[in-house]
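Please examine the sequence and the coordinates shown below before reading on.

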Amino acid sequence: GVIKYPQTEYFTGDGTTVKFTLANTPGSYLAVYLAGLRQTPTDDYSVSGSDITFLSAPKNGQKIVVDYIAA
């Protein structure tokens, strides 16, 4: 089979945007960090395809880091 390597993508909050789109659709592993704190699926964000939608918009300038393995 194909070995899939973890990928990391970076975004920055602007205070209004809640949806961020990854380059690939995440598979079985996904970790989302906001300002260095790991976020909880369903409590803090949801995933649909390659889109991550936060329940509330990350503050202006907040760093968003997403680690995942593509599906």
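The report covers the sheet, the nonpolar core, the aromatic rings, the salt bridge and one loop.

This is a predicted model, in which local features need pLDDT of at least 70 and side-chain atom pairs count only at pLDDT 80 or more, while totals for chains, interfaces and linings use all residues. Residues are numbered from 1 along each chain as its sequence is written, and side-chain values use heavy atoms, with hydrogens and water left out.

**Sheet**

Strands (E) are DSSP runs of at least two residues, numbered from the N terminus, and two strands pair if DSSP finds at least two bridges between them. Four strands form an open sheet in the order E1-E7-E3-E4, with antiparallel pairing. Strand E1 (6–12) and strand E4 (37–38) stand at the edges with a single partner strand each, so one side of each has no neighbour in the sheet.

The antiparallel pairing of E3 and E7 extends over six bridges. E3 is also joined to E4, again antiparallel, by two bridges. The table lists residue pairs from these two pairings.

| Residue | Partner | Strand of partner |
|---|---|---|
| Leucine 30 | Tyrosine 68 | E7 |
| Valine 32 | Valine 66 | E7 |
| Leucine 34 | Leucine 37 | E4 |

The hairpin of E3 and E4 has two residues between the strands, and alanine 35 there adopts a positive phi near 55°.

**Nonpolar core**

A nonpolar core is a set of buried Ala, Val, Leu, Ile, Met, Phe, Trp, Tyr and Cys residues joined through side-chain atoms within 4.5 Å; buried means under 20% relative accessible area, exposed over 50%, and partly exposed in between, with a 1.4 Å probe and protein chains only. The largest such core comprises 13 residues, and those with the most contacts inside it are Leu30, Val32, Ile52, Phe54, Ile64 and Val66. Two or more residues each come from strand E3 (26–34), E6 and E7. The greatest share is that of E7, with four residues.

Valine 32 illustrates the surroundings of one core member. Contact here means heavy atoms within 4.5 Å. Not counting residues up to four places away in sequence, valine 32 touches Leu37, Arg38, Gln39, Tyr45, Ile52, Phe54, Val65 and Val66.

**Aromatic rings**

Rings of Phe, Tyr and Trp (its six-membered ring) pair if their centres lie within 6.5 Å; planes under 30 degrees apart count as stacked, over 60 as edge-to-face and the rest as tilted. Three aromatic pairs satisfy this rule. In one of them, phenylalanine 11 and phenylalanine 20 have ring centres 5.4 Å apart and planes at 50°, so the pair is tilted. Both residues count as buried: phenylalanine 11 has 18% relative accessibility, and phenylalanine 20 has 9%. Ring pairs connect Phe11, Phe20, Tyr45 and Phe54 into a cluster.

**Salt bridge and aspartate 51**

A salt bridge is a side-chain nitrogen of Lys or Arg within 4 Å of a carboxyl oxygen of Asp or Glu. By that rule the count is one salt bridge. The partners are lysine 19 and aspartate 51, whose closest N and O atoms are 3.9 Å apart. This pair links distant parts of the chain, with lysine 19 in strand E2 (residues 19–21) and aspartate 51 in strand E6 (residues 51–54), 32 residues apart.

Aspartate 51 has a further side-chain partner. A polar contact is a pair of N or O atoms within 3.5 Å; within protein, one must be able to donate a hydrogen and the other to accept it, and residues adjacent in sequence count only if both atoms are side-chain atoms. Such a contact, at 2.6 Å, joins the side chains of aspartate 51 and threonine 21. Beyond four places in sequence, aspartate 51 touches Lys19, Phe20, Thr21 and Ser46.

**Loop between E6 and E7**

Lysine 59 is found in the loop between E6 and E7, as is glutamine 62, which precedes strand E7 (63–70). The backbone nitrogen of lysine 59 lies 2.9 Å from a polar atom of the glutamine 62 side chain. Lysine 59 is exposed, with a relative accessible area of 59%.

Which residues does lysine 59 touch, not counting those up to four places away in sequence? They are Gly13, Asp14 and Gly15. Lysine 59 and glycine 15 are 44 residues apart in sequence, and their C-alpha atoms are 4.3 Å apart in space. Glutamine 62, leaving aside its neighbours within four places in sequence, is in contact with Phe11, Thr12, Gly13, Leu34 and Ala35.
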